[in-house]
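Here's an informal walk through one protein model, from its rings to its strands. Have the viewer open and follow along.

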Amino acid sequence: METKIIYEAFHEADENGKWYREFIVPVDFPVTYGFTDIKIPEDLSYPKWNWSIGQWEEDQEQKDKNRISDLGKNLEKIGKSLEDLSKSQSELNESQNSQLTDVQLALAEVYETILGGI
C-alpha cells in the first residue's frame with residue numbers, strides 16, 4: 001500500500017512549540033480543511049503553516065527564542081571561562097610575587113655579602 005504524509009496545521013503552537021502534527025495515510029486519503037499534504041521545506045528549522053498564502057514558512061519567533069537561549073548558554077560558558085582565567089591569572093600573579101620575593105631576598109644576601117667583604 002502506498003502512503004503519503006499529511007500535516008495537521010495548527011493555528012497556535014502546541015506545548016512543544018510545533019505548529020503541526022504529521023500523519024502517514026494511504027496515498028488516496030483525502031486532504032480536508034486543517035490539513036495539507038504540501039511537504040515542509042528542508043531549509044525551515046521551525047516550520048509554521050501560513051494559512052493566508054497556503055505554504056510553510058519559518059516561525060521567526062521560535063527561531064529567535066532559540067537563538068536567545070543559545071546566546072544565553074554561550075554567555076554562561078564565556079563567564080565560566082573568564083572566571084577560570086581570572087583565577088589562573090591570580091594564581092600566576094601570586095607565584096610571580098613569591099618568585100620576585102625570593103629573588104629580592106637572594107639579591108639582599110648578595111648585597112650584604114659584598115658589603116661585608118669591603
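## A charge over a ring

Let's start with Lys-48, whose charged end sits over the ring of Trp-19, with 4.2 Å to the ring centre. Keep in mind throughout that this is a predicted model.

## Aromatic pairs

Now to rings that pair with each other: the structure has six aromatic pairs. One of them is Phe-23 with Phe-35, a tilted pair with 6.1 Å centre to centre and 55 degrees between the planes. Phe-23 belongs to strand β2 (residues 20-26) and Phe-35 to strand β3 (residues 35-36), so this pair ties together parts that are 12 residues apart in sequence. How accessible are these two rings? Phe-23 has a relative accessible area of 29% and is partly exposed, and Phe-35 is partly exposed as well, at 29% relative accessibility.

Then there's Trp-49 with Trp-56: the ring centres are 5.2 Å apart and the planes stand at 75 degrees, so this pair is edge-to-face, the cut-off for that class being over 60 degrees. Buried or exposed? Trp-49 is buried at 9% relative accessibility, and Trp-56 is buried at 6%.

## Ring cluster and nonpolar core

The two tryptophans are also part of a cluster: ring pairs link Tyr-7, Tyr-20, Trp-49 and Trp-56. These four residues turn up again in the largest nonpolar core, which has seven residues and also takes in Ala-9, Ile-40 and Leu-44. As a general point, nonpolar side chains in soluble globular proteins tend to be buried together.

Tyr-7 is a handy residue to click on. If you skip its neighbours within four places in sequence, Tyr-7 still contacts Tyr-20, Arg-21, Glu-22, Gly-34, Phe-35, Thr-36, Ile-38, Lys-39, Ile-40 and Trp-56.

## The three-stranded sheet

What's the strand order in the open sheet of three? It runs β2-β1-β3, with antiparallel pairing. β2 and β3 stand at the edges with a single partner strand each, so one side of each has no neighbour in the sheet.

The pairing of β1 with β2 is antiparallel and uses seven bridges, while strand β1 (residues 3-9) pairs with β3, also antiparallel, over two bridges. Glu-8 lets you see both pairings from one spot: its bridge partner in β2 is Arg-21, and in β3 it stands opposite Phe-35. Of the seven residues of β1, five are buried, so this strand is largely enclosed by the rest of the structure.

## Lys-4, a buried lysine

Lys-4 lies in strand β1, and with a relative accessible area of 18% it's buried. That classification rests on a cut-off of under 20%.

Where do the polar atoms of the Lys-4 side chain find backbone oxygens? One such oxygen is that of Val-27, 3.4 Å from a polar atom of the Lys-4 side chain. Another is the backbone oxygen of Phe-29, at 3.1 Å from a polar atom of that side chain. Not counting residues up to four places away in sequence, Lys-4 touches Phe-23, Ile-24, Val-25, Pro-26, Val-27, Phe-29, Val-31 and Asp-37.

## The β4-β5 hairpin

Moving along the chain, β4 and strand β5 (residues 55-58) run antiparallel and are joined by four bridges. Together they form a hairpin with four residues in between, and Gly-54 in the turn has a positive phi of about 65 degrees.

Asn-50 is in strand β4 (residues 47-50) and stands opposite Gln-55 in β5. It's buried, at 15% relative accessibility. Leaving out neighbours within four places in sequence, Asn-50 is in contact with Gln-55 and Glu-57.

## Out along the helix

Helix α1 covers residues 60-116, and Leu-92 is in it. Leu-92 is partly exposed, with 41% relative accessibility.

Two C-alpha separations round off the tour. Leu-92 and Asp-102 are 10 residues apart along the chain, and their C-alpha atoms are separated by 15 Å. For Asn-50 and Val-110, 60 residues apart along the chain, the C-alpha separation is 85 Å.

Technical notes:
Residues are numbered from 1 along each chain as its sequence is written. This is a predicted model: local features need pLDDT of at least 70, side-chain atom pairs count only at pLDDT 80 or more; totals for chains, interfaces and linings use all residues. Side-chain values use heavy atoms; hydrogens and water are left out. Rings of Phe, Tyr and Trp (its six-membered ring) pair if their centres lie within 6.5 Å; planes under 30 degrees apart count as stacked, over 60 as edge-to-face and the rest as tilted. Buried means under 20% relative accessible area, exposed over 50%, partly exposed in between (1.4 Å probe, protein chains only). A charge sits over a ring if NZ of Lys or CZ of Arg is within 6 Å of the ring centre and within 35 degrees of the ring normal. A nonpolar core is a set of buried Ala, Val, Leu, Ile, Met, Phe, Trp, Tyr and Cys residues joined through side-chain atoms within 4.5 Å. Contact means heavy atoms within 4.5 Å. Two strands pair if DSSP finds at least two bridges between them. A polar contact is a pair of N or O atoms within 3.5 Å; within protein, one must be able to donate a hydrogen and the other to accept it, and residues adjacent in sequence count only if both atoms are side-chain atoms.
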